[in-house]
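Visitor: Please show me the model, and let us ask of each description what justifies it.

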Amino acid sequence: MTEGVRLAKRLAEQLGCSRREAELYIEGGWVQVDGQVIEEPQHRVDGQTIKLDPEATLITQPPVTLLLHKPPGFEAGLGPATAVDPRAGPRSSHGSRSRGAPPALQLLTRDNHAADDRSGQRLLKRHFSHLEAPAPLPSEASGLVVYTQDARILRKLLEDADTMEQEVVVEVSGEVTPRALGLLSHGLSFNGRALPPIKVSINSQSPTQTRLRFALKGVRPGQIPSMLDSVGLKILAMKRLRIGRVSMGQLAPGQWRYLPTHERF
């Protein structure tokens, strides 16, 4: 039999507040038990010291959005991230099984939180649950992945996918001729449909490889590799830098930060 009482009950008695108010304080990360922040109202306590942060508020914190710099080899883009069954193994952003590609969701930990995050957001355990990734990124690619709890941001990224510009840098081998660059900008098709004009430019070039910058809207998984294959170019690396007006910034591979309130897609 479990000893002690629920933390919410003990805190309510200690503060002289309602049980629901005690739960909100705890879920908001404002309560310490023997110096350790506890966010679960059902946590059992006995004779431990319970303290409420002087800055504590009952105002419910809004849902958060996390921005991750995904390294290659991690899967991102399954839709409802919480729907992943760890026993089933990861799947690719095309919907098929992706062998050996762990979900990028597992990178969202306290240890991987960027030290220079300037959002001012207090990190809570519940920020890592009920996350959705509306803009998929292939396992072999790196760069910006958005995970959000916010229904408004989720809806915007899904509904505006065809009009919101993404910036992607691709390193390729092979000669990027003027004709190839022209076709990449306009003249190719994907999945049986002609592609609209796309901004494609040479970012840098060496005798062995070229870095191309794509600024395109309505991008679909597999589109850029198909385009490059059509003009005889082989992808060496691909990185997404920006979605709409939100960029990855200086995030190191594997690190994440909160989307601050002033940033808009």
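Visitor: In this predicted model, which residue of E14 stands opposite Val 170?
Guide: Val 170 faces Leu 212 of E14.

Visitor: What makes E10 and E14 a pair of strands?
Guide: Two strands are said to pair when DSSP finds at least two bridges between them. E10 (residues 165-173) and E14 (residues 209-217) share nine bridges in the antiparallel sense, so the criterion of at least two is met.

Visitor: How do you know that E10 also pairs with E15?
Guide: Eight antiparallel bridges connect E10 and E15, and the requirement is at least two, so these strands count as paired. Here Glu 167 lies opposite Arg 242 in E15.

Visitor: Why is E10 called mostly covered?
Guide: A residue is buried when its relative accessible area is under 20%. Seven of the nine residues of E10 are buried, therefore the strand is described as mostly covered.

Visitor: Which residues of helix H3 are buried, and why are they said to line one face?
Guide: In H3 (residues 151-159), the buried residues are Ile 153, Leu 154 and Leu 157. Viewed down the helix axis, they fall within an arc of 100°, so they line one face of H3. Their cover includes strands E6, E8, E9 and E15. Exposed Arg 152 and Glu 159 are on the face turned away from the buried side.

Visitor: What makes the approach of Asp 150 to Arg 152 a polar contact?
Guide: At the start of H3, a side-chain oxygen of Asp 150 comes to within 2.9 Å of the backbone nitrogen of Arg 152. The cut-off for such an N or O pair is 3.5 Å, so the distance satisfies it.

Definitions and conventions. Residues numbered from 1 in each chain as written. Predicted model: local features only at pLDDT ≥ 70, side-chain atom pairs only at ≥ 80, totals over all residues. Heavy atoms only, no water. Buried < 20%, exposed > 50% of the residue type's maximum accessible area, 1.4 Å probe, protein only. Helix = DSSP H or I, 4+ residues; strand = E, 2+ residues; numbered from the N terminus. Arc of directions from axis to C-beta. Contact = heavy atoms within 4.5 Å. Polar contact = N/O pair within 3.5 Å; in protein donor to acceptor, adjacent residues only side chain to side chain.
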